[in-house]
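Dear colleague,

I am passing on the structure we spoke about, and I would be glad if you could look it over with the notes below beside you.

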Amino acid sequence: MPQRTQSTKDRIISAAAELFYNEGIHAVSVDTIAEKAQVTKRGLYYHFRSKDDLIAAYLEKRDQPNLQAFQRWFADAEGDLPAKIQAIFRKLAKAAGQTGWKGCGFLRTSVELVQTPGHPAIIAGRRHKTKVEDWLCLIVGELHAPQEARKIAKQIVLLLDGAFAVVLLHRDPSYMESAGEAAVTLLRAATRH
């Protein structure tokens, strides 16, 4: 069976994703993306009205794979709910120790676009973070009332995103491990009440 080649649009998104993640969205020009994707600038604009739309497409492409990684790490982990949540932080700490790790693409993009809260990429990032929170609320909700589950899910998201920021700042994955320990403490304390 012949291998299916990547569509031009997918090739553009893949090129943009690599460049945006490694260099930042403001540092990368449309010309650079077009060159890496092996398309003309006009060809790029045929598929994307603007660089802003391409930035949003980059984040939308990351959405499901990132959430699915969290879900897989959780499902594969042994132990109770706190241990399984901690496993996510441990996997992230391991990833943060790899060469080329640049943190959370959603958060880094939101920092670069802080002056434009209605930007399509900010909206895509917000949707992703909401999906992560909703999933956490669902799994925490198996042990807690809905209102309490939502509160705990928000706290875990804060631990995740705070750890992303501090690990990136210090280049020290142990902060992700510490955030995982804090999540365990939070979940065990909530279970005792």
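Leaving aside its neighbours within four places in sequence, which residues is Lys-129 in contact with? Please keep in mind throughout that this is a predicted model. With those neighbours set aside, the contacts of Lys-129 are Cys-104, Phe-106, Leu-107 and Asp-161. Lys-129 is part of helix α7 and, with a relative accessibility of 17%, it counts as buried, since the cut-off for that term is under 20% relative accessible area. For one of these partners the contact is also polar: the side chains of Lys-129 and Asp-161 are joined by a polar contact of 2.7 Å.

Another of the partners, Phe-106, belongs to the buried residues of helix α6, which spans residues 105–112 and in which Gly-105, Arg-108 and Thr-109 are buried as well. Viewed down the axis of α6, these buried residues fall within an arc of 165 degrees, so that they line one face of the helix. What they pack against is α1, α4, α7 and α8.

Cys-104, also a partner of Lys-129, leads to the matter of disulfides, of which the structure holds zero. The sulfur of Cys-104 has its closest cysteine sulfur in Cys-137, and because the two are 20 Å from each other, they are too far apart for a bond; a disulfide is counted here when the sulfur atoms are within 2.5 Å. Cys-137 is likewise in no disulfide, the nearest cysteine sulfur being that of Cys-104. Both cysteines are nonetheless buried, Cys-104 with a relative accessible area of 8% and Cys-137 at 12% relative accessibility.

Turning to the nonpolar interior, the largest nonpolar core has 61 residues, and within it Ile-85 and Leu-136 touch the most other members. Two or more residues of this core come from each of α1 (8–23), α2 (30–37), α4 (51–76), α5 (81–96), α7 (120–140), α8 (146–170) and α9 (174–192), and among these α4 gives the most, with 10 residues. Ile-85, if residues up to four places away in sequence are not counted, touches Phe-74, Leu-136, Ile-139, Ile-156, Ala-183 and Leu-187, so that Ile-85 and Leu-136, the two residues that touch the most other members of the core, are also in contact with each other, within 4.5 Å.

With best regards

Methods: Residues are numbered from 1 along each chain as its sequence is written. This is a predicted model: local features need pLDDT of at least 70, side-chain atom pairs count only at pLDDT 80 or more; totals for chains, interfaces and linings use all residues. Side-chain values use heavy atoms; hydrogens and water are left out. A nonpolar core is a set of buried Ala, Val, Leu, Ile, Met, Phe, Trp, Tyr and Cys residues joined through side-chain atoms within 4.5 Å. Buried means under 20% relative accessible area, exposed over 50%, partly exposed in between (1.4 Å probe, protein chains only). Helices (H or I, at least four residues) and strands (E, at least two) are DSSP runs, numbered from the N terminus. The arc is that of the directions from the helix axis to the C-beta atoms. A polar contact is a pair of N or O atoms within 3.5 Å; within protein, one must be able to donate a hydrogen and the other to accept it, and residues adjacent in sequence count only if both atoms are side-chain atoms.
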